[in-house]
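Here is a short briefing on one structure, for a reader who works with models. It covers the ligand shell, one sheet and one helix.

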Amino acid sequence: MKKILYIQPLHPSGMEFLKKKYHVFTANNEDQQYLKSIIGDYHAVVTRLTVIDRELIQSAEHLQVIAKHGVGTDNIDVKTAEQQGIKIVTTGDANSRSVAEHTIFALGALSKRIVYLDQAMRHSKWQTRDEKGSVDFAGKTVGVIGFGRIGSKVAEIAKYGFEAKVHIYDPIMKREEIEERGFVYEQDLDELCSKSDFLTVHVPLLESTRNLIDGRRLALMKPTAFIANFARGGIINEADLYQVLKAKKLAGAALDAFETEPPEETLPLLHLSNVLLSPHCGTFSEDSKKRMSMAVAKGIDAVLSG
Ligand code: NAD
């Protein structure tokens, strides 16, 4: 019976699926020396963020497949794996829906002032009708930066679920593809910043996307606009974002990704009431965990039984 090593446990669905055909062991230990001492027995290894480097791969004489719980393979020495004929499988699109929904709900929670209203009522405040009201998505311009797995789903939910006008900035995608799917193609990022009522980033963190939304672009935005970063810290410049939010030159920000994770408690953004925070968990709905776990299991099974 072939053997599968999980470095950490995942949602049980995929593990149960594999246990019917394979011997499955969970290490619960990511110490490299320990992993090196046991990996020689295994035909598959499953990692989340644990580094699978050249030395570890070279200690794995029976290894046929490395499964990544996620899509980024930067923690895996892919070149060495390929040289040794080891396949890499990832969870592809399995978590995108979860991140897309969380992004929309976070922007909606901000614009509908849900946290504020909940807190006000808990402090015996009932009459909020004279205060500034909330904002609907319908008829508003939602700017989506990056039309990949997650950005395209955010765009669909905003347009078809909430009747927003959705504009896309993604210079790598073809204009026709974006327009055919019912969205407005935006060529100029500055334009998108200035016209969006909601702006959300869904690009990878690259040298070209670091500080993509900096102080200059934030200054182009409407003071009534909301912004979200459910991609990677550093795409929106945190220091610049703090300045515009503090000065009320922007209505609010929903942040799931930070330049340093977890952020220092002293990070000024954590102390603003017009910021909605979450600890890089957009991906972790129960449904997504299950889909990702099954994607890992099916990917491994396809290689081991192929
Ligand atoms: P993807 O690769 O499917 O899509 C990225 C898109 O960005 C592509 O369409 C690409 O053409 C576009 N792009 C690249 N450079 C660009 C630029 N300079 N300007 C505009 N568009 C550009 O990626 P994805 O799976 O949709 O993930 C998007 C982001 O979400 C990534 O940063 C990823 O790390 C992050 N993510 C976050 C969570 C979370 O829990 N918050 C979970 C998964 C992924």
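How many bridges join strand S11 to S12? Three bridges do, and the two strands run parallel. The model is predicted.

**Sheet**
- Seven strands make up an open sheet with parallel pairing.
- Their order is S8-S7-S6-S9-S10-S11-S12.
- Strand S8 (184–185) and strand S12 (275–277) stand at the edges with a single partner strand each, so one side of each has no neighbour in the sheet.
- Strand S11 covers residues 252–255.
- Ala254 has Leu276 of S12 as its bridge partner.
- In general, strands of a sheet pair through backbone hydrogen bonds.

**Ligand shell**
- The ligand has 30 residues around it.
- Gly146, Gly148, Ile150, Ile172 and Gly282 come nearest.
- By class, the shell holds 15 nonpolar, eleven polar and four charged residues.
- Helix H5 (96–111) and helix H7 (149–162) each supply at least two shell residues.
- H7 gives the largest share, with three residues.

**Helix H7**
- H7 has 14 residues, which should span 20 Å at 1.5 Å a residue.
- The end C-alpha atoms of H7 are 19 Å apart, which agrees with that span.
- Buried residues in H7 are Ile150, Gly151, Ser152, Lys153, Val154, Ala155, Ile157 and Ala158.
- Ile150 thus appears twice: it is buried in H7, and it is among the residues that come nearest to the ligand.
- The buried residues of H7 pack against H5 and against strands S6 (141–145), S7 (165–169) and S9 (198–201).
- Glu163 follows H7 and has a positive phi, near 60°.

Note on methods. Residues numbered from 1 in each chain as written. Predicted model: local features only at pLDDT ≥ 70, side-chain atom pairs only at ≥ 80, totals over all residues. Near = placed C-beta within 6 Å. Helix = DSSP H or I, 4+ residues; strand = E, 2+ residues; numbered from the N terminus. Nonpolar A, V, L, I, M, F, W, Y, C, P; charged D, E, K, R; others polar. Pairing = 2+ DSSP bridges. Expected span 1.5 Å × (residues − 1). Buried ≥ 20, exposed ≤ 12 C-beta atoms within 10 Å, placed from the backbone. Contact = placed C-beta atoms within 7 Å.
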